[in-house]
Amino acid sequence: AALGTRPADPVTGKSLPTPTGGAIVAIDVRSGQILAAASAPRFDPRVLTGADPAGWQRLQSDPRKPLFHRVTEATLPPGSVFKVVSAVALMQEGFIDASDSLTCLGYLDSPERYRCYTFKHHGVGHGQVDIVSALARSCNVFFFAAARRSGSPPLLDWADRFGLGRATGVDLPGERSGFLPQAISAEDGPLSGRRVGDGETLQLAIGQGRLTATPLQIARLLGSIANGGR
């Protein structure tokens with residue numbers, strides 16, 4: 001957004017909340033080398049090396065948390081970017097193939113829940129979608145329906161293979177691992193709070209729920225898809 005303006009939702013045109021910070025990371029998908037990594041808001045590093053108690057106090061009290069390195073420390077639900085992992089898991093484990101399709105009405109069972117973004121804002125679905133168009137158009141319903149058939153185990157297994165839920169080991173201090181739940185089993189019982197039951201599986205398929213990851217983990221995940229699996 002231009003300086004002094006608020007960002008707008010590309011679909012509805014409504015103003016979005018002004019972001020308090022952000023991060024960007026770029027890697028070489030052939031080697032895994034980090035080419036660029038930046039966290040915002042930035043600060044003047046001279047505050048850390050000089051005798052500037054007032055400046056240090058400003059940094060510590062800034063609600064935007066400029067000392068919080070979002071590339072390696074921000075752990076958030078990845079959202080629709082996780083659909084790429086779901087697609088890999090569902091196809092590799094034989095729950096869907098490239099020819100499978102369904103008609104997206106914009107919701108799975110009820111207009112009130114498990115919906116697509118386009119239905120929530122425009123009252124329409126994506127129509128006939130297969131795995132390619134479901135990814136291109138970010139169709140929640142396609143992944144809800146497929147995950148209902150597969151359950152959570154293949155999604156969690158492939159998320160683990162892609163490195164979610166554990167630190168990358170980058171040579172930077174304070175890296176966080178994010179959180180990858182575990183699949184529920186018959187022995188776990190109904191109160192196994194850290195495990196994924198049927199209801200959460202649908203949210204997991206679109207990168208929501210308790211699953212969290214760092215920007216660096218997501219960059220590595222997509223890099224491994226781009227390079228053919230390393």
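**A first look at a predicted protein chain**

Let me begin with one residue, Thr72, which has its place in helix H3. I should say at once that what we are looking at is a predicted model. Is Thr72 buried or exposed? Its relative accessible area is 1%, so it is buried, the cut-off being under 20%. Which residues does Thr72 touch, once its neighbours within four places in sequence are left aside? They are Val170, Leu172, Pro173, Gly174, Glu175, Arg176, Thr214 and Leu216.

Let me now step back to the whole chain. The protein chain has 230 residues, of which 36% count as buried. Its secondary structure comes to ten helices and eight strands. Taken along the principal axes, the C-alpha atoms fill a box of roughly 65 × 40 × 40 Å. If we take the contacts between residues at least 6 apart in sequence, 63% of them join residues at least 24 apart.

A word on confidence is in order. The mean pLDDT of the chain is 88, and 90% of the residues reach 70 or more. Over residues 185-194, however, the pLDDT is below 50, and this stretch has nine contacts in the model beyond near neighbours in sequence.

I turn next to helix H10. This helix covers residues 215-226, twelve in number, and reaches 16 Å from its first C-alpha to its last, close to the 16 Å expected at 1.5 Å a residue. Leu216, which we met as a contact of Thr72, is one of the buried residues of H10. The others are Gln217, Ile218, Ala219, Leu221, Gly223 and Ser224. What covers these buried residues? The cover includes strand E1 (22-27), strand E2 (34-40), helix H3 (70-73) and helix H4 (83-92). Just after H10, Gly228 takes a positive phi of about 95°.

Helix H4 deserves a closer look, together with helix H7, residues 140-150. The two helices pack at an angle of about 40°, and their axes are 11 Å apart. That angle makes H4 oblique to H7. Their crossing is left-handed. On the H4 side, Lys83, Ser86, Ala87 and Leu90 take part; in H7 they meet Asn140, Phe143, Ala146 and Ser150.

Ahead of H7, in the loop that follows helix H6 (131-136), we find Ser138. This residue has a positive phi of about 55° although it is not a glycine. With a relative accessible area of 28%, Ser138 is partly exposed.

Lys65 is another non-glycine residue with a positive phi, again of about 55°. Its place is in the loop between helix H2 (53-61) and H3.

Another backbone feature concerns Ala40 and Pro41, which are joined by a cis peptide bond with omega of about 5°. Pro41 lies in the loop between E2 and helix H1 (46-49).

Two further helices remain. In helix H8, residues 153-161, the buried residues are Pro154, Leu155, Leu156, Trp158 and Ala159. Just after H8, Gly163 takes a positive phi of about 90°. Helix H9, residues 198-205, holds Thr201. Why does Thr201 count as buried? Its relative accessibility is 3%, and the category takes in values under 20%. How far apart are Thr201 and Lys14? In sequence they are separated by 187 residues, and in space by 31 Å, C-alpha to C-alpha.

To close, I return to the residue with which I began: Thr72 is buried, and Leu216 and Thr214 are among its contacts.

Definitions and conventions. Residues are numbered from 1 along each chain as its sequence is written. This is a predicted model: local features need pLDDT of at least 70, side-chain atom pairs count only at pLDDT 80 or more; totals for chains, interfaces and linings use all residues. Side-chain values use heavy atoms; hydrogens and water are left out. pLDDT is the predictor's confidence in each residue, from 0 to 100. Contact means heavy atoms within 4.5 Å. Helices (H or I, at least four residues) and strands (E, at least two) are DSSP runs, numbered from the N terminus. The expected span of a helix is 1.5 Å times one less than its number of residues. Buried means under 20% relative accessible area, exposed over 50%, partly exposed in between (1.4 Å probe, protein chains only). Axes are lines fitted to C-alpha atoms, for helices over the stretch in contact, and angles run from 0 to 180 degrees between N-to-C directions. Angles under 35 degrees count as roughly parallel, over 145 as roughly antiparallel, 65 to 115 as roughly perpendicular and the rest as oblique. A crossing is left-handed if the near helix is turned anticlockwise from the far one by less than a right angle, and right-handed if clockwise.
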